[in-house]
Amino acid sequence: MSRTALRICPLCEATCGLTLTIEGTRVTHARGDRDDVFSEGFICPKGASFGAVDSDPDRLRTPLVRRDGELREATWEEAFDAVAAGIRPVVERYGPNSVGVVLGNPNVHTMAGALYPTVLLAGLGTRSVFTASTVDQMPKHVSSGLLYGDANAIPVPDLDHTDHLLLIGANPLESNGSLCTAPDFPGKLKALKARGGTLVVIDPRCTRTAKLADRHIAVRPGTDALLLAAMAQVLYAEGRVEPTPHVQGVEELADALREFTPEAVAPACDVDAGLIRTLARELAAAPTAAVYGRIGSCTVPHGTLASWLVDVLNVLTGNLDRPGGALFPQAATDKTPRPAGPGRGFALGRWHSRVSRHPEAKGELPLSALAEEIDTATEEGEPVRALVAVAANPVLSAPDGDRLDKALDSLDFMVSVDPYLNETSRHAHVVLPPPPPSQSPHHDFAFNTLAVRNQVRYTRPAVPLQPGRMAETEILARLILAVTGMHGADPAAVDQMVIDQTLGKAVTEPHSPVYDRDPRDLAAQLTGDTGPERRLDMMLRLGPYGDGFGVRPDGLTLEKLLAQPHGIDLGPLRSRLPQPLKTRSGRVELLPGPIEEDLPRLRAALAERPEGLVLVGRRHLRSNNSWMHNVPALTGGTNRCTLHIHPEDAERLGVADGAPVRVKGAGGEVTAPAEVTDAVRRGVVSLPHGWGHDRPGTRLSHASTDPGVNVNQLLDGRLLDPLSGNAVLNGVPVECAPAAEKLMPLT
């Protein structure tokens with residue numbers, strides 16, 4: 001007997017609503033939920049394969065504990081006993097910084113990953129924190145922190161209403177969007193064109209998104225910041241600056257960008273100076289416009305400057321914080337909005353990594369530095385001796401996985417929270433497997449702060465938690481207790497502690513709806529079947545649409561949300577400045593000090609001309625980093641690990657289509673089959689990321705049949721954007737040759 005259940009898809013940032021068909025405890029089919037207030041029935045191949053992802057036979061079902069050198073099945077009690085016995089002695093002997101924490105991308109796709117890691121980090125007190133952000137979007141966090149005083153205040157393009165959209169380093173037709181949560185991103189771009197709008201794509205690859213564009217500019221990889229700076233310079237030079245209100249530094253910025261004329265940047269970018277002027281003029285002339293940059297413009301040597309200049313262009317054209325431009329979403333679980341005014345601002349480099357002295361950004365150190373923080377002794381501080389990895393696979397996602405692979409083997413202790421025995425978790429002493437997504441609740445805490453329409457949705461587990469499984473929220477709560485010296489306590493105490501602390505603070509804030517009330521009375525009003533649900537209810541009630549614990553009877557609560565299984569529409573994005581600003585001035589600070597200090601490095605790039613080939617990555621529609629290569633339905637076809645190379649470069653190098661090509665970078669060498677295509681510009685080759693499933697000791701039976709190669713092995717981890725610590729993954733020099741030929745070392 002089959003039944004249906006609703007579920008928000010956790011497999012990418014689009015957060016589409018799904019209707020699952022379930023037979024017994026197995027998801028047999030998934031289709032788009034036509035009544036979902038946000039996605040309105042849209043579904044992509046990943047969502048359609050939800051059942052296959054959910055029931056992957058290689059998913060771990062019980063904890064694993066290393067005994068006599070081998071990972072063996074164990075009970076949950078044995079697993080957490082081992083965690084407490086492994087982590088606590090390291091903390092007590094060497095201090096909290098000797099325990100590293102690595103958080104992977106999947107954390108932002110689960111309730112548990114949103115609610116518990118901050119508690120874990122606070123409990124451990126470690127500064128050895130590494131996340132996927134520093135191989136992805138950290139430059140955007142840093143630029144937003146410097147501009148707005150809040151690293152999480154990221155404006156998104158108003159896709160449904162803009163007249164002119166400029167995308168740089170973004171390919172939403174295959175990524176479904178990133179730092180811009182938009183179900184059916186392709187449909188929104190087509191709607192933009194249908195209403196007479198203009199789509200401009202800047203990308204060295206002719207992607208599916210680029211093919212849809214009115215104008216595609218194949219910029220030289222890594223020169224995004226130069227191109228954007230020249231566009232801003234044109235706006236100043238031609239008197240086209242009409243800045244957004246609540247901004248300071250407009251005149252100072254004109255002086256800072258004076259040298260970046262189209263003629264000055266054109267040779268470096270390989271874009272005609274006249275075309276650069278046209279791009280700037282069209283952006284300024286559009287009734288409304290938005291500039292949006294993503295991973296291609298983040299993972300480059302000037303990633304923070306490029307991210308900053310995206311917002312600079314939106315500010316200078318008056319399109320920041322206005323409908324049809326780039327707006328700040330307002331999530332239902334955001335903190336109670338405080339009155340507009342000066343804030344604490346945003347600081348960089350509050351501490352540094354031990355070995356290479358990389359500055360901290362947003363409380364994190366570069367993931368590229370993890371290996372050296374483990375395997376290198378210095379006089380300053382202890383190396384990382386123990387590691388907690390939550391939904392993270394840095395052996396594939398960080399540069400120089402071979403070095404990290406060896407470093408992980410040297411740890412005193414490692415625990416992984418992961419459903420798979422993968423390239424990283426195979427090193428763990430304890431593996432704690434969360435249940436499949438059908439057995440977990442879902443609310444998008446992070447992605448609703450980036451959504452192109454304000455809305456709120458919550459789905460309870462579609463399938464009851466199966467015997468022997470443990471909820472991911474309980475796993476992380478017990479992990480917190482085990483590593484902070486409270487092993488054996490009731491895991492519900494973690495949620496209660498957070499509730500007590502949050503309400504205790506809220507009642508002291510004059511702008512809060514619960515100011516000067518009794519936090520115990522407020523806690524007694526919370527509803528929900530679990531601790532996480534009670535926390536969600538609390539956040540909804542305190543949030544911008546909440547009932548304020550009875551102050552606003554029409555406001556949101558968990559009960560009201562549960563009564564609307566397809567979600568609640570909270571309306572289009574709207575202008576919010578100056579309220580979101582937390583800068584010390586209370587204004588948008590257009591030329592922050594760290595940005596101004598980094599501009600000479602960009603000026604030096606005007607003279608750079610890369611010789612030979614440079615490497616860029618790419619994304620496939622049917623995968624998400626390294627997650628889904630073990631699902632047969634999501635591999636094959638175009639989802640292959642091939643080296644894209646332009647026909648002229650292939651002919652010059654003697655590379656035949658389909659033939660193996662050796663690719664050498666500063667960090668190592670890989671061999672991949674060539675795919676000769678004009679989808680990349682001359683001088684550029686492209687490999688997808690997330691592959692390399694050929695290491696022994698994993699349990700990825702399908703992925704290992706077609707493992708591909710790890711593109712990050714071409715990197716040695718030394719190339720970083722200095723402001724954000726983000727790894728440079730695009731525009732890096734490589735050498736290529738037919739597999740039979742010998743490559744000379746890179747200089």
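Leu189 is buried in this predicted model, with a relative accessible area of 0%. This residue belongs to helix H8, which spans residues 185-194, and, once its neighbours within four places in sequence are set aside, Leu189 is in contact with Leu165, Leu167, Pro172, Leu173, Leu199, Thr209 and Leu212. Computed along the chain, Ala398 lies 209 residues from Leu189, and in space the two C-alpha atoms are 32 Å apart. The points below turn to a seven-stranded sheet, whose strands follow the order S5-S4-S17-S16-S15-S6-S7, and then to the aromatic rings and the charges that sit over them.

**The sheet and its edges**

- The sheet is open and its pairing is mixed; as a general matter, the strands of a sheet pair through backbone hydrogen bonds, either parallel or antiparallel.
- Strand S5 (70-73) and strand S7 (129-131) each have a single partner strand and stand at the edges, so one side of each is left without a neighbour in the sheet.
- From one strand to the next, the twist averages 20°.

**The hairpin of S4 and S5**

- Strand S4, made up of residues 64-67, runs antiparallel to S5, and 4 bridges join the two.
- Within this pairing, Leu64 stands opposite Glu73 of S5, while Arg66 has Leu71 in S5 as its bridge partner.
- The hairpin has 2 residues between its strands, and Asp68 in this hairpin takes a positive phi near 55°.

**Helices on the sheet**

- Helix H3 (residues 76-94) lies across S4, strand S6 (99-103), strand S15 (386-390), strand S16 (413-417) and strand S17 (430-432), and the direction of H3 is at about 125° to that of S17.
- Helix H5, formed by residues 117-124, also packs on the sheet, where H5 touches S6, S7 and S15 and makes an angle of about 170° with the direction of S6.

**Aromatic pairs**

- The count of aromatic pairs in the model comes to 3, and two of them, Trp76 with Phe80 and Tyr148 with Phe328, are described here.
- The ring centres of Trp76 and Phe80 are 6.2 Å apart and their planes meet at 25°, so this pair is stacked.
- Trp76 and Phe80 are separated by about one helical turn because they are 4 residues apart in helix H3, and both residues are buried.
- For Tyr148 and Phe328, the ring centres are 5.1 Å apart and the planes stand at 90°, so this pair is edge-to-face.
- Tyr148 lies in helix H6 (residues 138-148), whereas Phe328 lies in the loop between strand S14 (326-327) and helix H16 (370-375), so the pair ties together parts that are 180 residues apart in sequence.
- Both partners are buried, Tyr148 with a relative accessible area of 0% and Phe328 with a value of 3%.

**Charges over rings**

- Arg385 places its charged end over the ring of Tyr94, at 4.0 Å from the ring centre.
- Arg541 lies over the face of Phe549, and here the distance to the ring centre is 5.1 Å.

Methods
Residues numbered from 1 in each chain as written. Predicted model: local features only at pLDDT ≥ 70, side-chain atom pairs only at ≥ 80, totals over all residues. Heavy atoms only, no water. Pairing = 2+ DSSP bridges. Axes fitted to C-alpha atoms, helices over the stretch in contact; angles between N-to-C directions. Contact = heavy atoms within 4.5 Å. Phe/Tyr/Trp six-rings, centres within 6.5 Å; stacked < 30°, edge-to-face > 60°. Buried < 20%, exposed > 50% of the residue type's maximum accessible area, 1.4 Å probe, protein only. Lys NZ or Arg CZ within 6 Å of the ring centre and 35° of its normal.
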